[in-house]
Amino acid sequence: MPKSILILGACGQIGTELTYTLREKYGNNQVIASDIREGDQDLMASGPFELLDATNYGALEDVVMHYEIDEVYLMAAMLSATAEKFPMRAWNLNMNSLFNVLNLAKDQKISKVFWPSSIAVFGPNTPKEQTEQNTIMEPSTVYGISKQTGERWCEYYFKKYGVDVRSVRYPGLISYKTLPGGGTTDYAVEIYHKALSDKKYSCFLKADSKLPMMFMDDAIRATITIMESDPEKIKVRSSYNLAAMSFTPSEMAANIKQHIPEFEMSYAPDSRQQIADSWPSSIDDSVAQKDWGWKAEFDLERTTQEMLENLSK
């Protein structure tokens, strides 16, 4: 029997591209997309879709049983900047959806879980450069607190109940296919749209705010690779550090200027600056490299080429 996959949060920035990639790999009907709202026309037409609130255990269980789901990718979450405005809603969504999926796995109704963590698990006291897999965390945002808590629960369910849960800590993600959803690194997507349309961009972070970033193709590849790896290779059951590139807004602007010489960048830091200041500037992902062979393929220049070329179409 081919395996059956459910994606929760399939209409989000990562979920959309993950849905397409998994459908290409396993067949459209084997990958059930779901979200609390409908996605764009292409996504809805590409395969089965269910309107589903991931915090509703009964509704989630019904979908899992109906489609005989084997694996769940839990991509539904409220991101960093939005979560600061709605702390309790963010906590409810980010934690209850995770408990629902972990409990389905504990009861052996599904066999494998992917749950994404984030560099938001780190805080102001974390070493900034080449942040190691195991280090001080102490997150200072609602999003980071929920992700750190989630990591602990994932490891607990693995050790206590044998739940096969796998996770990576995403850095900021850059994609031309979907717009970002309220994160602190959203500038790194918005900048390309504005560079093409207006030849200028006002950045909500300071010029020298260096943060870990990743092109979406790498993030999707990492997600599927860790899920397809032999269980004995997955030594970390909280979440793996994941890295590709680190840069500042000014470095990104300079890179874009090489392609669009008239592009101008200005800076007007807002409340997201404080969040960015609490995060690492670069990540050491050597444990993921060693355990399951992870290696990023996109640097800043290749990312800029891909973004400008595809957004120009």
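I began with a single pair of residues: Leu6 stands opposite Ile32 in strand 2. Before going further I noted that this is a predicted model, in which local features need pLDDT of at least 70 and side-chain atom pairs count only at pLDDT 80 or more, while totals for chains, interfaces and linings use all residues. I also noted that residues are numbered from 1 along each chain as its sequence is written, and that side-chain values use heavy atoms, with hydrogens and water left out.

**Entry: the six-stranded sheet**

I looked up how strand 1 (residues 5-8) meets strand 2 (residues 31-35), and found that the two run parallel and are joined by four bridges. Here strands (E, at least two residues) and helices (H or I, at least four residues) are DSSP runs numbered from the N terminus, and two strands pair if DSSP finds at least two bridges between them. The wider sheet is open and has six strands in the order 3-2-1-4-5-7, with parallel pairing. Strand 3 (49-51) and strand 7 (165-166) each have a single partner strand and stand at the edges, so one side of each is left without a neighbour in the sheet. Helix 1 packs on this sheet and touches strand 1, strand 2 and strand 4 (71-74), its direction making about 165° with that of strand 2. For contact I used heavy atoms within 4.5 Å; for angles I used axes fitted as lines to C-alpha atoms, for helices over the stretch in contact, with values from 0 to 180 degrees between N-to-C directions.

**Entry: the three-stranded sheet**

I then turned to an open sheet of three strands, which stand in the order 9-11-13 with mixed pairing. Strand 9 (172-174) and strand 13 (245-247) are at the edges with a single partner strand each, so one side of each is left without a neighbour in the sheet. Neighbouring strands of this sheet are turned by 45° against each other on average, direction ignored. Strand 11 (residues 211-215) pairs with strand 13 in the antiparallel sense over three bridges, and I found Pro212 opposite Ser246 in strand 13. Helix 8 (residues 216-228) lies across strand 9 and strand 11, running at about 80° to strand 11.

**Entry: a salt bridge from helix 8**

I followed helix 8 to its residue Glu228, whose side chain meets that of Lys25 in a salt bridge (3.6 Å, N to O). The pair links distant parts of the chain, since Glu228 is in helix 8 and Lys25 in helix 1 (residues 13-26), 203 residues apart. A salt bridge here is a side-chain nitrogen of Lys or Arg within 4 Å of a carboxyl oxygen of Asp or Glu, and a search of the whole structure finds 17 of them.

**Entry: helix 5 and helix 6**

Next I looked up helix 5 (residues 87-106) and helix 6 (residues 142-161), which pack at an angle of about 15° with their axes 10 Å apart. That makes helix 5 roughly parallel to helix 6, on a scale where angles under 35 degrees count as roughly parallel, over 145 as roughly antiparallel, 65 to 115 as roughly perpendicular and the rest as oblique. The residues that make the contact include Trp91, Leu98 and Phe99 of helix 5 and Ile145, Trp153 and Tyr157 of helix 6. By class, the contact has 14 nonpolar, five polar and one charged residues; Ala, Val, Leu, Ile, Met, Phe, Trp, Tyr, Cys and Pro count as nonpolar, Asp, Glu, Lys and Arg as charged, and the others, Gly among them, as polar.

**Entry: two partners of helix 12**

Last, I checked helix 7 (residues 187-197) against helix 12 (residues 300-312), and their axes come within 10 Å and cross at roughly 50°. That makes helix 7 oblique to helix 12. Val189, Tyr192, His193 and Leu196 in helix 7 meet residues of helix 12, among them Leu300, Thr304 and Met307. The axes of helix 9 (residues 249-257) and helix 12 come within 10 Å and cross at roughly 55°. In helix 9, Glu251, Met252, Asn255 and Ile256 meet Leu300, Glu301 and Thr304 in helix 12.
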